[in-house]
Each structure stands twice: as structure tokens, then as C-alpha cells.
Amino acid sequence: PRVALLSPEQDLFLMTYENDRHIIGRDTVDVVDRFEKLDGVAQGAFAGDRLTYGSMNRREVVKEIDESVQRQLTAHQLMEERGIDMPLYPSIMGWEDWHFERCRVLVDEISRWVGFDATQYDSEYEFAKHVKRVDEILEPKGIFVNGCVSPKWLRMLPKSVVACSGSYNIREETKDSTGTPQRDKLPEVVEKRVCALNNWQSELTN
């Protein structure tokens with residue numbers, strides 16, 4: 001049903017950035033099965049389905065990152081074996097330099113266009129710092145960010161950030177006086193994000 005609502009100028013990208021209650025117990029075959037159903041419709045997919053938290057100890061972080069990396073490599077292999085003609089993009093995990101290094105194999109073997117989930121951030125400065133480190137360490141061709149996509153936050157990101165998603169703020173900004181989201185307000189709200197991504201400011205200018 002959601003696909004049918006796409007406008008002609010819209011592209012569909014699939015993500016597994018979801019609440020823990022939805023992804024616990026879901027294996028990689030389940031994920032690829034979902035992707036296969038939209039083969040020929042979606043323009044790409046992000047298969048990362050693990051999360052890291054600042055409260056985790058080193059061993060817990062390593063476990064989550066390594067499991068995510070292995071699941072993504074497996075998804076990529078399964079998609080190739082099934083002949084699914086849909087680009088798969090790596091989801092980068094963590095927040096420290098060595099976390100990103102553990103994800104390097106994804107960039108080397110799947111794609112140099114990567115995704116980074118920002119839904120847990122409450123500081124635009126931490127968010128921007130970590131995205132810049134992804135850019136510096138892994139040198140991707142482009143970065144997609146999910147969540148925390150207010151124009152203010154997006155303006156702080158490096159040039160390598162080329163796309164974003166996040167529904168909460170966008171829905172809030174499209175609401176009318178009764179609190180109902182209005183589709184006709186969506187182009188203006190989205191355009192603010194596009195301008196924020198394109199009007200990149202150097203650190204020197206800032």
C-alpha cells in the first residue's frame with residue numbers, strides 16, 4: 001500500500017532501522033525475503049539491524065558491530081545468489097574510530113555509499129562529530145543519515161552526507177492547526193532539508 005502512494009518523482013529505499021521489539025528474532029533470510037518482494041520497485045536497501053549504545057561495555061559493542069557486519073555480508077551474498085537486482089548499502093555501526101574500522105569490510109566488499117543511524121542522538125554536536133569521523137576514516141562516496149534530520153542539524157554535516165530520512169520532525173512540520181499532517185505542506189518541508197544538505201559550510205566559514 002505504501003508503494004502505491006509514491007509520487008512519480010519519489011524513489012523507494014528500504015531500511016531495517018527499527019525498534020528492538022521488531023527486529024529481535026529476525027534472521028538475515030527474513031530480511032532478504034522482504035527485499036526480494038520489492039525487487040524492481042525499490043532503488044536500494046540498508047540491511048543494518050543491530051544497535052550500539054553508549055552504556056554498553058567494549059565487549060558488548062564489539063559483539064553488536066561484528067554481528068551486524070556478518071549479517072550484512074550474508075545479506076549481500078544471498079541477494080547475489082538469488083539474483084536480486086537491488087543495490088545494498090552498508091549500515092555503519094558505533095561512534096568511535098575503532099568501531100568504524102570494524103565496519104571497513106562492508107565498504108570494501110559491498111558499497112562505498114553508506115548509511116548511518118542517528119535516531120539515538122540528542123546532541124547535534126556529537127552527531128556531527130561522529131558523522132565526520134565516518135567520513136574521515138572510511139572515506140565513503142556518500143553518506144545517508146536516518147533520524148535527527150532538522151535543517152539545523154543537517155547544516156552541520158560534511159559534504160559527503162547526500163541524503164537523509166526521518167519522519168517525526170517532518171510529520172510535525174506538516175501538521176495544520178488541528179494537528180493533522182497535510183500532504184500539500186510536504187514539498188516545502190522536504191525542500192528545507194534539501195537546501196540544508198546542499199548549503200554545506202566549511203569549518204573555516206563557521
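**Exercise 1.** Which helix does Glu64 lie in? Work out too whether Glu64 is buried or exposed.

*Solution.* Keep in mind that this is a predicted model. Start by finding the residue: Glu64 sits in helix H3, which covers residues 58–82. Next, check the accessibility. The cut-off for buried is under 20% relative accessible area. Glu64 comes in at 11%, so it counts as buried. Last, look for a partner across the sequence: Leu51 is 13 residues away along the chain, and the C-alpha atoms of Glu64 and Leu51 are 6.8 Å apart in space.

**Exercise 2.** Find Glu139 and say what its phi is. Is Glu139 buried or exposed?

*Solution.* First, place the residue: Glu139 is in the loop that runs between helix H6 (124–138) and strand S6 (142–146). Then look at the backbone. Most residues other than glycine have a negative phi. Glu139 is not a glycine, yet its phi is positive, at about 50°. Now for the surface: exposed starts at over 50% relative accessible area. With 52%, Glu139 is exposed.

**Exercise 3.** Work out the strand order of the open sheet of 4 strands. Which strands stand at its edges?

*Solution.* Read across the sheet and you get S4-S5-S6-S7, with parallel pairing. Strands S4 (91–92) and S7 (161–165) are at the edges: each has a single partner strand, so one side of each has no neighbour in the sheet. Now zoom in on one pair. S6 and S7 run parallel and are joined by 4 bridges. To see them face each other, pick Ile143 and look across to Val161 in S7, which stands opposite.

**Exercise 4.** How many disulfides does the structure hold? Check how exposed Cys164 and Cys195 are as well.

*Solution.* The count is 0 disulfides. For the two cysteines, go one at a time. Cys164 has a relative accessible area of 23%, so it is partly exposed. Cys195 has 33%, so it is partly exposed too.

**Exercise 5.** Step back to the whole chain. How many helices and strands are there, and what share of the residues counts as buried?

*Solution.* Begin with the elements: the chain has 9 helices and 7 strands. Then take burial: 43% of the 206 residues count as buried. For the surface, the accessible area is about 11,900 Å², and carbon and sulfur atoms hold 49% of that. Finally, turn to the contacts with a separation of 6 or more: 64% of them are between residues 24 or more positions apart.

Methods. Residues numbered from 1 in each chain as written. Predicted model: local features only at pLDDT ≥ 70, side-chain atom pairs only at ≥ 80, totals over all residues. Heavy atoms only, no water. Helix = DSSP H or I, 4+ residues; strand = E, 2+ residues; numbered from the N terminus. Buried < 20%, exposed > 50% of the residue type's maximum accessible area, 1.4 Å probe, protein only. Pairing = 2+ DSSP bridges. Contact = heavy atoms within 4.5 Å. Areas by Shrake-Rupley, 256 points an atom, 1.4 Å probe, with all protein chains shown as cover. Disulfide = S-S within 2.5 Å.
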